[in-house]
Structure formats: structure tokens, C-alpha cells
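Visitor: I am new to this one. Could you walk me through it with short questions and answers?

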Amino acid sequence: MENLLEIHGLHAGIAEREILKGIDLAVRPGQVHAIMGPNGAGKSTLGAVLAGRPDYTVTAGSVRYRGKDLLAMAPEERSWEGLFLSFQYPIEIPGVSLTNFMKAALSARRKHAGLPELSPAEFLRLLREKMAFVQMKSDFASRSVNVGFSGGEKKRNEIFQMAMLDPTLSILDETDSGLDVDALRIVADGVNRLRRPDNAAIVITHYKRLLEYIVPDVVHILKDGRIVRTGGPELVDLIEEKGFSEIDG
Amino acid sequence: MDDMLKELTAQEYKEGFVTEVEQEFVPKGLNEDIIRTISRLKDEPQWLLDFRLDAFAKWQQMTPPTWGHLTLPPIDFQDIIYYAAPKRNADRPKEIDPALVETFDKLGIPIAEREYLAGVKDKREVAVDAVFDSVSVSTTFRKTLAEKGIIFCSFNEAVHEHPDLVRKYLASVVPVGDNFYAALNSAVFSDGSFCYVPKGVKCPMELSSYFRINASGTGQFERTLIVADEGAQLSYMEGCTAPMRDENQLHAAVVEIIVEKDADVKYSTVQNWYPGDAQGRGGILNLVTKRGLCRGAGSHLSWTQVETGSAITWKYPSTVLMGDDSSSEFYSVALTNNMQQADTGTKMIHIGRRTRSRIVSKGISAGHSQNSYRGLVRINPGASGARNYSQCDSLLIGSQCGAHTFPVILGANPTAVVEHEATTSKISEDQLFYCNQRGIPPEEAVGLIVNGYAQEVLQRLPMEFAVEARKLLQVSLEGSIG
């Protein structure tokens, strides 16, 4: 099967500082990859670079996504092509209701795909369905995006948006951080139910905890900007046992 | 973000067209003869001509104010045409030129009362007074309103049909010599709207005035007078546009509002005068005086303004809170882009006891523009228990623009409570990226974020107006980021 995502020799950094020092990674449809590693290894940078965050610069390497040059696309084009990033620290947008935010996101995407706008009734039905999916209370729809949300509510909101946008490749950046067990279960359950043979996910995490709920097909260990080891789910237990410092290529 | 600031492209200003219509003008320049000519063209009574000549004499003694945080181009007051009106068909003087109907139609302003199919009414009815250059061309729903005793007509008609009311209230809130531009307006004003809602009457529909500048080399000097008698209620909306030209055009209006005991007036403006091009050529110089008098006890006046147009805006809708327990609000969004300059705000003058006022000002600056909030809250010695709350927020887009705040608080009564809050923020790269990641392109994202920022004010506007205002904020920001 053709790869959904192919990263070759990716070097990237912020300002003059190189953070990713040669990443190779291939993700096939239907797979969940976990990227684990200590703080400062470059995990979040990888997610940010793939999503096209403007303050990061790619200095070498290539990324092909669905057969296209991902790095040549603007962030919104990557989104239209089905790439989704769940933010480690979701951003607040005062005065913009979650409903209006999602309406703007969905209509831009549909416009790009040459599809007509959803009718207000269709949109609201979809909104309600997906909010129920992550057990979000309906009053969140009229609240400003992430303003006054608790840490858990913010993460749940990310998964809600993921469900709304139905991505082909989801990158979950430390989605487990700051979540209590109940919230973690709801978030993980949401992600699992979105798993399909034709989509894929990259789960970035520091801890084993989330991977007890979202079982990955492939696990990578990222240290100092390089993938030092790749294996199956058993790697997770190895890390738990030995810690990151004991593991290398 | 600075990297995203690109060469600013021409703004889309879809109202920038010119209507080809035969017009009559008075000669260029300003002197007593011109004033007499304007008065004669309008067939005015002697008292009004005297009013004008008195104002002209005062104006000649005055100098333009220089305290605004503005760089005004020199204005040659002798190089302006003070009266321009579309010619009426001599055989059918009551008929409106189809070109004018078409113009207002294009602007989305229905000046013919539309017939609705039985039971089908897609919009709320809005009565419109449409002013084209120096004259009012049509006022709709006059009959419907007259059944309730409400007078809504052009200023000129009011002078002829309701002279006692006009004489009683004209210049009672903004005295002739109040300021340089108000004096100029008092001397040369051409038309505008007059509205009177009698005692205890709740106006059944929104009233509105739409001001259109068309002719080149002219200025617009309209006069609006609104009176809400005891216990009356009305909501008034005002809109305006002008053609795109390389020259500056002057707009110096005066709006006076009188609110009697327990009456309630809501005044909303969406100001969309031509802002000039990206290099700062052309655009309207919007130098206006708007003031309301809450004369009676328990009266209430609410100002809501969305300012996106004009090369220069100099405007301070203000309220004099005279009646005990009277109250007023000022909600403002002022957006400047490219080379635009705005110095706008409000004055709340507390005279009566337990008077209350609230100011919410949201400035948005982009491009190379300068945006200032200027406000005065004055608590007079007799205003026991008065309260004011002011909130002034500034939002910056890019790093070439400026936001300034000049709040003045004068408190002369120890029992009064005055609060002031202010914030300045920038649209963050994080917010933009978050929107982009969800598929919202950069310009749309800025529009969304700005609309969110202005939401507290926008939600105060009547519904149709709010929809317009949202679109306008979006369009006005086009070209502000790359």
C-alpha cells in the first residue's frame, strides 16, 4: 500500500537553532504511530513543521503527503488536504463562538473541495452530533473558542474539531497532558472511534498513559532531533522500564 | 507577522461608483451670497436665513481645532461647492430620477416602499430618508408613521411643515458657535433628516438616513434633528458612502438628539465613507458633531458606531445627562487601515443626580493608519451618585500602525464612581496559525478574530446592520496582511 506520509532527511529549526536533525518516517493509511521521547527532543517541532507553523524553518529534506509536496503548501492548504494538528496548548479566540469558528473552517474546506455550503440545519446537526461524540455540553457551541475552558475542556475541544473536520492524517501533540483519567478516556475513545482503514494518526506523547488507551501500530523514540529506535507497542513497555536515557539506536 | 505585511493592494470599495445624473450647483466658494442662494433654493423662511448668516459671522471669527491626533490636509473653504442637487423633471417635479432609484438600489437602500406578498416579509420594515449630495430625494413609510403621529421627513420639509418644532429644537443641543465645523454646518447645511416621536409613542419600525455623496468638488453638510418626546421610543440608523476619487471631500454634519422624560433613543451608525486609496490619496474628511441631550428624568440615549471609512474621522458622539436618573451608552468600533486616521470617542457630561454612562470603545489599526480614542467623562458638582464605566481597547495589526488613547475624567462630586479600563493587544501569530490549521485562510482568519474582538459592540446593532458591519470589517481589512 502507498504511504500516506513520507518524511525523508528532515532538518528543521527555529531561528538559528536546529531542532530536527534528519527525520525519516513513513506512515501508511490505517496506522497509528506513536512518537515518544524526552522533553526537548523535538516531538512538538515535528508536529508544528508538518502543520506548517510559520516560525519554523525547514533547512533540508522532503515531506510527501498523499503524493504531494507538503512543505510547498500553506497551512490552510494542508488542512484542506486533511491534515489536522491537535494543539498541545489550544489557542483562545475571544468573541468568536465555537459555532462560528467551525462554520468558517468547514465552509473554507468545502469551498476548496468545490462542494456547496452546508445548510444551517445540516451544519447544526453535524455540530451537535460531534459534540455528543466527545461528551461536550451544548452550551460550549456558543462560547468563545477556548476562552475560560479548563485544560481538559480544551483538549476535548481539539478532538471535537478533529471529528468535525474528519482528517486523513491527525497529529495529536501531547493531547494527554493535563488530563485527568476520565477526560483522558473520553479523548482516547474519541480518537479510537475516528480510526479507519483510510486515515492515520501520529500520537506525540511523553508518557505511556495515553498509549494504554490508543494502541499504536508503530512506536518511534525521538531523541535530540533524531528517531533513535522504531518498533512495535512493546517499545512502550521498554521505555516504562528503562526510561528514555537508557534507550538509544 | 511583519513578514506577512505585503505591498498593500487596492482596497475593494464596492460603493465607489459615480451616478451619471444631471445636477444643479451653486458656484464654488463661500460668502453671504452663496448662503442666501442656498436659502432661496430651499425656499426658506427669513428666520432660518438669519440663523445661517449669524452662524457664518461666527464661523468667520473661528479657527479649525488642532487638538486632534490628526494630520489634516489644508482645506480651502473657497474651493468647495456647497450645494449640489439632482435636477428635477420640470413637468413631473414629484418624480424621482430612475438613476437615483437605481443608485440607492445598488447600495442596498430601498427608496421605494416594496410590496410584500401576503404573509411574506423577508425583512423588517425600515423607513429610509435618502440624501443625495445636498438634498433628500425620498423618505419612505411617512404615511404609516404619520398614523402614529410620528414625523419623519427631510429637514427641509420639516422647516416648511413643522416650523415651530424645528425652531424650538434647532441648535438647542449643539449651539451655532460650538466648534468650527458645527458653525460651518449651521451656515451652509443643505438637507438631512428630521424626526419627531410624540409622547408615549413607540416607533413601530427602524428609522434610518442614508447619506450619499456623488458630485465631484462638493462637500456634504447635512443636519439631523431627532426629538423623542416624553416616554417615546425609537431606534435610528445611519449609513453613508461616496465615490472613489483622488480629491478629498468634506463631510461636516451636525446631529442633534433631544430625549425627554423617560424616552429612549438608540442611534446606530455604520460609517463607510470612501477611505482613500492605499497611498492615502483621496477619501472623505469626516468632521462631524453629534450630540444628544437627555433632558428629562429617566431618559436614555444609546450610541453605537462602526467606523470603517473616511480618510480622516473627527467625531465624538456625546451625551449631556441633564435629567435625574438619565443614562447613556457609547459603543464604538473604529477600524483604520492603510493611511487612514481616526480621532474618535465620546463625551459624557453628568449633570443630573444618579446619572449613569457606559463607554465601550474598540479601536482596530492596520497598515500605516493612526487610530485614537479621545474621551471626556465629566461629573458636575450636582451629579450626586453618578456612575461611569469606560473600557477602551486597542487592537494592532502589523507594526506600522498606531493606537492612542486620550481619556479625560473630571470629577467634581465625591459621591460619583468612575471606572476606566484599557487594553492594547496584537493579533497573535498563534491565533492566526490556529485558524489556518483549521483551514481558515489568513485574511478570513483576521476578519474572524477582529469580528470576535468587536463582538461586544456589534451585537448592539440592529440585525441587518450588524450583518453589514461584519462584512465591512472584513472588506476593510483586505490587503492588511499578505
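Visitor: What share of the 482 residues in chain B is buried?
Guide: This is a predicted model, and values here are computed from it. A residue counts as buried when its relative accessible area is under 20%. Of the 482 residues in chain B, the share that is buried comes to 62%.

Visitor: What radius of gyration does chain B have, and why does it count as compact?
Guide: Chain B holds 10 helices and 23 strands. For 482 residues the globule rule gives 23 Å, and chain B comes close to that, so it is as compact as a globular protein of that length. Its radius of gyration is 22 Å.

Visitor: Among contacts in chain B between residues at least 6 apart, what percentage join residues at least 24 apart in sequence?
Guide: The C-alpha atoms of chain B fill a box of roughly 65 × 60 × 55 Å along the principal axes. Within chain B, take the contacts between residues at least 6 apart in sequence. The part that joins residues at least 24 apart is 85%.

Visitor: How many residues of chain A count as buried, as a percentage?
Guide: Chain A has seven helices and 12 strands. Its radius of gyration is 18 Å, close to the 18 Å of the globule rule for 249 residues, so chain A is as compact as a globular protein of that length. Of those 249 residues, the buried ones make up 52%.

Visitor: What area is buried between chain B and chain A?
Guide: The contact takes 19 residues from chain B and 30 residues from chain A. Carbon and sulfur atoms give 65% of the buried area. The total is about 2,000 Å².

Visitor: Which three residues supply 38% of the area that chain B buries against chain A?
Guide: No other three residues of chain B supply more of that area. They are Phe433(B), Tyr434(B) and Arg438(B).

Visitor: Which residues form a salt bridge 2.5 Å long, N to O?
Guide: Across the interface of chain B and chain A there are two salt bridges. In one of them, the side chains meet at 2.5 Å, N to O. The partners are Arg53(A) and Asp430(B).

Visitor: Which helix gives the most to the side of chain B that touches chain A?
Guide: Across the interface, 13 residue pairs are in polar contact. On chain B, α8 (429-437) and α9 (442-458) each supply at least two residues of the side that touches chain A. The one that gives the most, with eight residues, is α8(B).

Visitor: How many residues apart in sequence are the parts tied together by Arg195(A) and Asp217(A)?
Guide: Their side chains meet in a salt bridge of 3.5 Å, N to O. Arg195(A) lies in the loop between α6 (181-193) and β10 (200-205), and Asp217(A) in the loop between β10 and β11 (218-223), so the pair ties together separate parts of chain A. The separation is 22 residues.

Visitor: Is Lys362(B) buried or exposed?
Guide: Lys362(B) forms a salt bridge with Glu456(B), with the closest N and O atoms 3.9 Å apart. Lys362(B) is in strand β19 (residues 356-365) and Glu456(B) in helix α9, 94 residues apart. Glu456(B) is partly exposed at 25%. Lys362(B) has a relative accessible area of 7%, so it is buried.

Visitor: Which residues do salt bridges with shared partners join into one network?
Guide: The bridge between Lys362(B) and Glu456(B) is part of it. The full set is Arg358(B), Lys362(B), Asp393(B) and Glu456(B).

Methods
Residues numbered from 1 in each chain as written. Chains lettered and ligands numbered in written order. Predicted model: local features only at pLDDT ≥ 70, side-chain atom pairs only at ≥ 80, totals over all residues. Heavy atoms only, no water. Contact = heavy atoms within 4.5 Å. Buried area = accessible area lost by both parts, 1.4 Å probe. Salt bridge = Lys/Arg side-chain N within 4 Å of Asp/Glu carboxyl O. Polar contact = N/O pair within 3.5 Å; in protein donor to acceptor, adjacent residues only side chain to side chain. Helix = DSSP H or I, 4+ residues; strand = E, 2+ residues; numbered from the N terminus. Rg over C-alpha atoms; globule rule 2.2 N^0.38 Å. Buried < 20%, exposed > 50% of the residue type's maximum accessible area, 1.4 Å probe, protein only.
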